[in-house]
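Biologist: I'm new to this one, so please walk me through it.

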Amino acid sequence: MVSIQNLHKKFSKNIVLSGIDLDIDSGGIFAVLGPNGSGKTTLIKSILGMVIPNKGEISVLGENIKKNSSYRNKIDYLPQIANFPSNLKVRELIKMIKDLRKQTTEDERLIELFNVTPFLNKKLGTLSGGTKQKVNIILAFMFDSPLIILDEPTTGLDPISLIRLKELIQKEKANGKTILITSHIMSFVEEVSDEIVFLLEGKIYFKGSIQKLKESTNQPDFEHAIASILTNNNA
Amino acid sequence: MRSRWSYVYFAFYLLLGIVLLFLNNDLSKAVITLMNVIIVLVPLIGTIFGVMYYYNSKEFTELLLAQPLKRSSIFLGQYLGVAISLSLSLVLGLGLPFIFYGLLKSNAIWDFSLLLITGSFLTFIFTALAFNIALSNENKIKGFGYAILLWLFLAVIYDGLFLLSLIYFEDYPLDKLSIFGTMLNPIDLSRTLILLKLDISALLGYTGAVFKKFFGTNFGLIISFIMLSIWVILPVLRITFKSKRKDF
């Protein structure tokens, strides 16, 4: 699905990624974890082509992403911070993104599901953080793409929406899609993900199932297993 | 944001055109006054709008970058959107009152169209330069500062330096040098083009005659337009080049 070879990226002198090799098979939910500033978002943005790597190859569904933009048709992306043009109405934004990609009717169902109907004619600049995140989720899930990338999807969501989101993720997984998630909420990761990738100082420290992580760190639960990695590495 | 401001800009030129025609009662004189306004104001507005638009639509750009669109088409689309709407405001805002005044029947029509063409060129040039500056500077304040400095340099300081150098080297023949120096600055180039077209080069004395010999001919006119086009093409190429390598 996604294959990354020897990926390096630095922002001026700050080395963010140093030699990432990662293969993500199709189907299933993969969580990318790591402390703040470990390069999770940079990794995701590299896959999307928003960050240009200094070195390394990335291919998505067999296509090399360099100098290519059409592969993004097969990716749905939920950005970490929902920065929308503030003078646009929710309805206009959804319509515009639909015009850019392809027509879908899925958005109506999602609007219903997340209770966004009362906000459709409001400007994006006036929405609360949680509502913006719901709009963000609708934009990310309304297309039927084989790869879904979610950067901190739970930010600002109320409990009901969180449950809906989890259901949505499980449903997409059952449809055979590949989902890539980053999150700091360990219980959320433990609940939804099949496999985790742990980034530390720009490298992949661990890749495998949660069970395997618990065994290798000798910790009974997931949260402590992560914490033990961090304390052992003074991060 | 963009549309509201371009309406204001349009209204401003409309008003300017009407007022000038009422006060002057003479098309050619109105064209000269307009030239003085356009030569300074058009680059300034192009610069400010270009920088402002880029920084204001940053979030929107990031949203588009995750979509299956080419980077060059995102940025060129934004650039053309700003430049075309500004040029339209200029051409329509000035064109309408002049047409109602009876421009089509007068012989000032060529001078006037040259004015509008160079005005549009200046809009495209300075919007492109502004986009370049904004692309290279993450910091808004810095970007604004550089953009204003660039405008100030080309509109005012360049002339001063040029004049100083002419005084300093006055013992040498300077015709070629001054033509060359004029070519390098789009604002000067536009001003000279229009002045000579208006047939007031006699005011400029000997240099005026040399300039007239060069810029007044078709050859000079073509060279000038090629220079103006280069001033558009180079910054636009840099926009595509720079945007392909930028991280968001």
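Modeller: Happy to! Helices and strands here are DSSP runs (H or I over at least four residues for a helix, E over at least two for a strand), numbered from the N terminus. It's a predicted model, where local features need pLDDT of at least 70 and side-chain atom pairs count only at pLDDT 80 or more, while totals for chains, interfaces and linings use all residues. Residues are numbered from 1 along each chain as its sequence is written, with chains lettered from A and ligands numbered from 1 in the order in which they are written.

Biologist: Great. Which helix of chain A lies across β6 and β7?

Modeller: That's α4 of chain A, residues 129–141. Helix α4(A) runs at about 175 degrees to β6(A). Angles like that go from 0 to 180 degrees between N-to-C directions, using axes fitted to C-alpha atoms, for helices over the stretch in contact.

Biologist: And what sheet do those strands belong to?

Modeller: An open one in chain A, with six strands in the order β6-β7-β8-β3-β9-β10 and mixed pairing. Strands pair if DSSP finds at least two bridges between them. β6 (75–78) and β10 (203–208) of chain A are the edge strands; each has a single partner, so one side of each has no neighbour in the sheet. From one strand to the next, the twist averages 15 degrees.

Biologist: How many bridges does β10(A) share with β9(A)?

Modeller: Five, in the antiparallel sense, and β9(A) covers residues 195–200. In that pairing A:L200 sits opposite A:K203 of β10(A).

Biologist: There's another sheet in chain A, I think. What's its strand order?

Modeller: It goes β2-β1-β4-β5 in chain A, an open sheet of four strands with antiparallel pairing. Here β2 (14–24) and β5 (63–64) of chain A stand at the edges with a single partner strand each, so one side of each is left free of a neighbour in the sheet. β4(A), residues 55–60, joins β5(A) antiparallel over two bridges. A:S59 has A:N64 in β5(A) as its bridge partner.

Biologist: Switching to chain B. What is it made of?

Modeller: Chain B has ten helices and zero strands, so to speak α-α-α-α-α-α-α-α-α-α from the N terminus on. Its C-alpha trace spans about 60 × 50 × 30 Å along the principal axes.

Biologist: How do α5(B) and α10(B) pack?

Modeller: α5 (residues 109–136) and α10 (residues 218–245) of chain B meet at about 25 degrees, and their axes are 9 Å apart. That makes α5(B) roughly parallel to α10(B), a label for angles under 35 degrees; over 145 is roughly antiparallel, 65 to 115 roughly perpendicular and the rest oblique.

Biologist: Which residues meet there?

Modeller: From α5(B) they include B:F121, B:F124 and B:I125, and from α10(B) they include B:L228, B:W231 and B:V232. Contact means that C-beta atoms, placed from the backbone, lie within 7 Å.

Biologist: Where does α4(B) come in?

Modeller: The axes of α4(B), residues 71–101, and α10(B) come within 9 Å and cross at roughly 135 degrees. The two helices are therefore oblique to each other. α4(B) brings B:R71, B:S72, B:F75, B:L76 and B:Y79 to the contact, while α10(B) brings B:V236, B:I239, B:T240, B:S243 and B:K244.

Biologist: Last one: how many residues does each chain put into the A–B contact?

Modeller: Chain A gives 16 residues and chain B gives 15 residues.

Key
Contact = placed C-beta atoms within 7 Å.
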